[in-house]
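Here are a few exercises to work through with the model open beside you. Try each task before you read its solution.

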Amino acid sequence: TPTASPNTKVCLGSPVTVTGSAVPAGYTGQWVYVSGPVSNTTITTIGTIGNITNLIEAGFYVFEWRVSGPVGTACPVKSAAVIVEVENAPTVAIAGPDQVICGDRAILSGNVPTFGTGLWTVRTFPVGATPSLVGDGPNVDAVNMTVDGVYTFRYTVTNGTGCPPSFDELTVTISRPTVGG
């Protein structure tokens, strides 16, 4: 019975390689498209390797590793399937402009993703500071910026596991006037 590589996820437009089990002597193996959003995908079989391209629409594609018996025999075709999930690339993250604040909090407003989810994280801050983020999604409050200096925040948009995330950073400079005494 043939076997095939595990199911996988890829980013829209990315090629993918699948592998079938070894074929017994006298038998032949071929990778074939079975179903999916776009039927004109291209799959090239080299030995037991299938190189798949033209995955131009997100969704689930099924490919089979089909092994046929020797010509002239009544051996049935046996197969093993691989499901390839094609994911849309995440929306490009836009963190917004750098800010200069006279206070200890700032509003961070990233773009609303069409594909994926946006998340803010604290990257760097002055020694002794304990900044934190309140809220989730593209709009959050950066609070507890009680030490003057530069704070760096990263806005990351992710969409599944088949595509790399998109990120953008901004800085918030806290500069309060000193009070004379």
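**Exercise 1. Place Ser166 in the fold and describe its surroundings.**

Step 1. Begin with the secondary structure: Ser166 belongs to strand β14. Keep in mind that you are looking at a predicted model.

Step 2. Next, decide on burial. The relative accessible area of Ser166 is 15%, and buried means under 20%, so Ser166 counts as buried.

Step 3. Now look for a polar partner. A polar atom of the Ser166 side chain lies 2.8 Å from the backbone nitrogen of Ala93.

Step 4. Finally, collect the contacts, leaving aside residues up to four places away in sequence. Ser166 touches Pro90, Thr91, Val92 and Ala93, and also Tyr155, Thr156 and Val157.

**Exercise 2. Work out how strand β14 pairs with β13, and set the two strands in their sheet.**

Step 1. Take the pair by itself. Strand β13 covers residues 149-158 and strand β14 covers residues 166-174; the two run antiparallel and share 9 bridges.

Step 2. Find a matched position across the pair: Asp168 in β14 has Tyr155 opposite.

Step 3. Widen the view to the sheet. It is open, has 4 strands in the order β8-β14-β13-β10, and its pairing is mixed. The edges are formed by β8 (99-101) and β10 (117-124), each of which pairs on one side only.

Step 4. Add the twist: on average, neighbouring strands of this sheet are turned by 25° against each other, direction ignored.

**Exercise 3. Find which cysteines form a disulfide, and describe the link.**

Step 1. Recall the chemistry: a disulfide is a covalent bond between the sulfur atoms of two cysteines.

Step 2. Search the whole structure, and 1 disulfide turns up. Its partners are Cys11 and Cys163, with an S to S distance of 2.2 Å, which falls within the 2.5 Å cut-off.

Step 3. Check the handedness. The angle about the S-S bond is 100°, and the link of Cys11 and Cys163 is right-handed.

Step 4. Ask what the link connects. Cys11 sits in strand β1 (residues 8-11) and Cys163 in the loop between β13 and β14, so the pair ties together parts 152 residues apart in sequence.

Step 5. Is each linked cysteine buried or exposed? Both Cys11 and Cys163 are buried.

Step 6. Turn to two further cysteines. Cys75, at 34% relative accessible area, is partly exposed, whereas Cys102 counts as exposed because its relative accessibility is 57% and the exposed class begins over 50%.

Key:
Residues numbered from 1 in each chain as written. Predicted model: local features only at pLDDT ≥ 70, side-chain atom pairs only at ≥ 80, totals over all residues. Heavy atoms only, no water. Pairing = 2+ DSSP bridges. Axes fitted to C-alpha atoms, helices over the stretch in contact; angles between N-to-C directions. Buried < 20%, exposed > 50% of the residue type's maximum accessible area, 1.4 Å probe, protein only. Polar contact = N/O pair within 3.5 Å; in protein donor to acceptor, adjacent residues only side chain to side chain. Contact = heavy atoms within 4.5 Å.
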